[in-house]
Amino acid sequence: MLQFARIQDTALNLETFDTIQAFPECGGTGVFIGTVRNHHEGRAVQALKYTAYAPVAEKMIRAIEQEIQEKYAVSYVRVIHRIGTLDIGDKAIIAIAYAPHRREAFQACEEAVERVKHEVPVWKEEFYTDGSSQYVAGCCIRQDYDQNDEKHHHHSHEPHAHGHTHT
């Protein structure tokens, strides 16, 4: 098993992860690669900067991976998140899960991404083409946010289990 940092300040790639050949019981691979897009809420984005306190973020990501591995009975779940300045198209996060079947691989991968994005203290600052910048409001580690906040939305009507409940 490869040992690697979950918080990285260099370009992310799939070669970081153990290969599925190391898990012959697995027939499914779930992969998510999140990249920097050129817009957010109607504003033109030029770049992003992610910051984190790596020792805490590392520990939290590893705990999330372990919990998801147990919950879905999958053989392998890993997430890496980039910090530093990223340009449009750069990879910000990669999650991968190996499981006996596709359903568990997809579910484990999705929950890993949701939990890391919402629970791990990684902060995102957006730099806009008009020269301004701002930190993006999110629900990272705060349990006292307004659960009806309109800025927190999903692109699916399916419920997501990621650390807080929707009312």
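## Exposure and the predicted model

A residue is called buried when its relative accessible area is under 20%, exposed when the value is over 50%, and partly exposed in between. Arg-62 has 33% relative accessibility, so this residue counts as partly exposed. The structure described here is a predicted model.

## Salt bridges: the count and a helix pair

Side chains of opposite charge can pair when their charged atoms come close. In this model the count of salt bridges comes to six.

One of them joins Glu-58 to Arg-62, with 3.3 Å between the closest N and O atoms. Both residues belong to helix α1, where they sit four residues apart, or about one turn of the helix. Glu-58 has a relative accessibility of 13% and therefore counts as buried, whereas Arg-62, at 33%, is partly exposed.

## Salt bridges between distant parts of the chain

Which residue forms a salt bridge with Arg-6? The partner is Glu-65, and the closest N and O atoms of the pair are 2.8 Å apart. Arg-6 is in the segment before β1 (7-8), while Glu-65 is in helix α1 (residues 54-72), so the salt bridge ties together parts of the chain that are 59 residues apart in sequence. Both Arg-6 and Glu-65 are buried.

Arg-43 and Asp-130 form another salt bridge, in which the closest N and O atoms are 3.3 Å apart. This pair also links distant parts of the chain, since 87 residues separate the two in sequence. Arg-43 is found in strand β4 (residues 43-52), and Asp-130 in the loop between β8 (122-128) and β9 (133-135). Is Asp-130 buried or exposed? Its relative accessible area is 57%, which is over the 50% cut-off, so Asp-130 is exposed. Arg-43, with 30% relative accessibility, counts as partly exposed.

## A network of charged residues

Salt bridges can also involve a group of residues in this model: Glu-67, Arg-115 and Glu-119 are linked in a network.

## The surroundings of His-40

His-40 is part of strand β3, which covers residues 39-40. With a relative accessible area of 14%, His-40 is buried. What does His-40 touch, leaving aside residues up to four places away in sequence? The contacts are Val-45, Glu-126 and Val-136.

Val-136 is 96 residues from His-40 in sequence, yet the C-alpha atoms of the two are 9.5 Å apart in space. The side chain of His-40 also makes a polar contact, at 3.3 Å, with the side chain of Arg-37.

## A nonpolar patch on the surface

Leu-14, Val-31 and Ile-33 make a nonpolar surface patch of about 220 Å². Of these residues, Ile-33 lies in strand β2, which runs over residues 28-35. The relative accessibility of Ile-33 is 34%, and Ile-33 therefore counts as partly exposed.

## Cysteines

How many disulfides does a search of the whole structure find? The result is zero. Among the cysteines, Cys-26 has a relative accessible area of 11% and is buried. Cys-109, at 4% relative accessibility, also counts as buried.

Terms used. Residues are numbered from 1 along each chain as its sequence is written. This is a predicted model: local features need pLDDT of at least 70, side-chain atom pairs count only at pLDDT 80 or more; totals for chains, interfaces and linings use all residues. Side-chain values use heavy atoms; hydrogens and water are left out. A salt bridge is a side-chain nitrogen of Lys or Arg within 4 Å of a carboxyl oxygen of Asp or Glu. Buried means under 20% relative accessible area, exposed over 50%, partly exposed in between (1.4 Å probe, protein chains only). Contact means heavy atoms within 4.5 Å. A polar contact is a pair of N or O atoms within 3.5 Å; within protein, one must be able to donate a hydrogen and the other to accept it, and residues adjacent in sequence count only if both atoms are side-chain atoms. Patches are made of residues with over 30% relative accessible area and no salt bridge: like charges are joined within 9 Å, nonpolar side chains (Val, Leu, Ile, Met, Phe, Trp, Tyr) within 5 Å. Accessible areas come from the Shrake-Rupley method with a 1.4 Å probe; for residues, only the protein chains shown count as cover. A disulfide is a pair of cysteine sulfur atoms within 2.5 Å.
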